[in-house]
Amino acid sequence: MIIAIDGPAATGKSTTAIAVAEELGFTYLDTGAMYRAVTFSVIDRGISLDDKDSLKIFLNMLDINMYFDDKVFKVEINDRDVTGKIRDPEITSRVSEVSAVQEIRKAMVNLQRQMVVGKNCVVEGRDIGTVVFPEADLKFFMVADVRVRAERRQKDLLVIGKNKNIGELEVDIKKRDNKDSSRTHSPLLKSDDAIIIDTSNLEFEEQVNLIIELTKNYKKEMT
Ligand code: CDP
């Protein structure tokens with residue numbers, strides 16, 4: 001069974017998807033972390049996005065590994081632990097540009113489809129319900145007011161010792177949403193059959209419970 005959770009930046013998709021996966025005993029797949037890891041590597045290796053030959057070589061040898069270690073979600077790319085680095089504001093500001101590249105998206109979508117084979121999975125991203133798993137059993141589209149999202153992202157950053165003001169964060173979030181929504185290949189889009197969850201005025205437990213309830217109802221209907 002696949003549960004797709006899509007939506008714009010900083011709407012609480014990751015924390016919600018992790019809690020839902022834990023509660024249901026499902027595997028969690030964070031596709032944003034994959035695009036972030038690729039962004040880190042492309043910058044680190046100095047690969048130009050226009051250099052299609054180097055990009056092809058890089059994508060052919062790509063190995064992404066994600067797992068929980070003592071409740072911490074770890075991300076490795078080609079055996080390098082990039083867990084902390086991929087949340088760095090520099091990576092956040094470049095990820096939309098990198099993830100708009102068609103060759104990169106194609107490689108990521110292939111990997112994502114391989115990663116869920118034979119599993120019950122909560123998959124989180126931007127194009128999960130529309131492109132990666134259009135046949136997903138349940139699709140959710142999480143949204144929230146930009147102010148609320150900036151406040152949440154500020155808290156996330158403080159945890160990793162970075163401080164950014166709310167105004168700047170609002171601008172960053174809007175910019176990233178615009179880039180993600182306006183790109184040619186698999187833009188951020190609500191699938192017609194996705195259920196909208198507006199988390200602006202929801203407590204974390206409320207949004208998690210809502211998805212769990214809807215999943216349980218769906219399972220009942222299916223049996
Ligand atoms: O957690 P946050 O909302 O900041 O973003 P994320 O889920 O970590 O995703 C980071 C970026 O990866 C997004 O802004 C998109 O540019 C890209 N992304 C994508 O293009 N397709 C996906 N399925 C997931 C993420």
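**A small sheet, a bound ligand and two empty spaces**

In this predicted model, Glu76 finds its bridge partner in β5, where Asp81 takes that role. This pair is a good place to begin, and the strands around the pair come next. Strand β4, made of residues 72-77, pairs with β5 in the antiparallel sense, and 2 bridges join them. Both strands belong to an open sheet of 3 strands, whose order reads β3-β4-β5 and whose pairing is antiparallel. At the edges of this sheet stand β3 (64-69) and β5 (80-81), each of which pairs on one side only.

Attention now turns to the ligand. A shell of 20 residues surrounds the ligand, and the closest of them are Arg36, Asp127, Arg153, Arg176 and Asp180. Several parts of the chain help to build this shell: α2 (31-44), α4 (89-99), β6 (121-125) and α8 (166-182) each contribute at least two residues. The largest share belongs to α2, with 4 residues. What classes of residue make up the shell around the ligand? Sorted this way, the shell holds 11 charged residues, 5 polar ones and 4 nonpolar ones.

Looking at single atoms gives a finer picture of how the protein meets the ligand. In Asp180, an N or O atom of the side chain sits 2.6 Å from an oxygen atom of the ligand. Asp127 places a polar side-chain atom 2.8 Å from a ligand nitrogen atom. For Arg105, the distance from a polar side-chain atom to an oxygen atom of the ligand is 2.8 Å. Of the 530 Å² of accessible area that the ligand has on its own, the protein covers 98%.

The structure also holds empty space. How many cavities of 30 Å³ or more does a search of the whole structure find? The search finds 1 such cavity. The largest cavity contains about 40 Å³ of space. Its lining is formed by Asp6, Gly129, Thr130, Lys139, Phe140, Phe141, Leu189, Lys190, Ser191 and Ala194. Two elements, α6 (128-132) and β7 (138-143), each give at least two residues to this lining, and the largest share, 3 residues, comes from β7. By class, the lining of the largest cavity has 4 nonpolar, 3 polar and 3 charged residues.

A further space to explore is the second largest pocket, which offers about 160 Å³. Which residues line the second largest pocket? They are Lys52, Leu55, Lys56, Leu59, Asn60, Gln102, Glu103 and Lys106. Here α3 (52-60) and α5 (102-116) each supply at least two lining residues, and α3 provides the largest share with 5 residues. Charged residues number 4 in the lining of this pocket, alongside 2 polar and 2 nonpolar ones.

How values were computed
Residues are numbered from 1 along each chain as its sequence is written. This is a predicted model: local features need pLDDT of at least 70, side-chain atom pairs count only at pLDDT 80 or more; totals for chains, interfaces and linings use all residues. Side-chain values use heavy atoms; hydrogens and water are left out. A residue is near a molecule or strand if one of its heavy atoms lies within 4 Å of it. A polar contact is a pair of N or O atoms within 3.5 Å; within protein, one must be able to donate a hydrogen and the other to accept it, and residues adjacent in sequence count only if both atoms are side-chain atoms. Accessible areas come from the Shrake-Rupley method with a 1.4 Å probe; for residues, only the protein chains shown count as cover. Ala, Val, Leu, Ile, Met, Phe, Trp, Tyr, Cys and Pro count as nonpolar, Asp, Glu, Lys and Arg as charged, and the others, Gly among them, as polar. On a 1 Å grid over the protein atoms alone, a cavity is a set of points where a 1.4 Å probe fits but cannot get out, and a pocket is an open set with protein on both sides within 12 Å along at least five of seven lines; lining residues have an atom within 4 Å of a point. Grid points are joined across faces, edges and corners, and a volume is the space filled by probe spheres set on the points. Two strands pair if DSSP finds at least two bridges between them.
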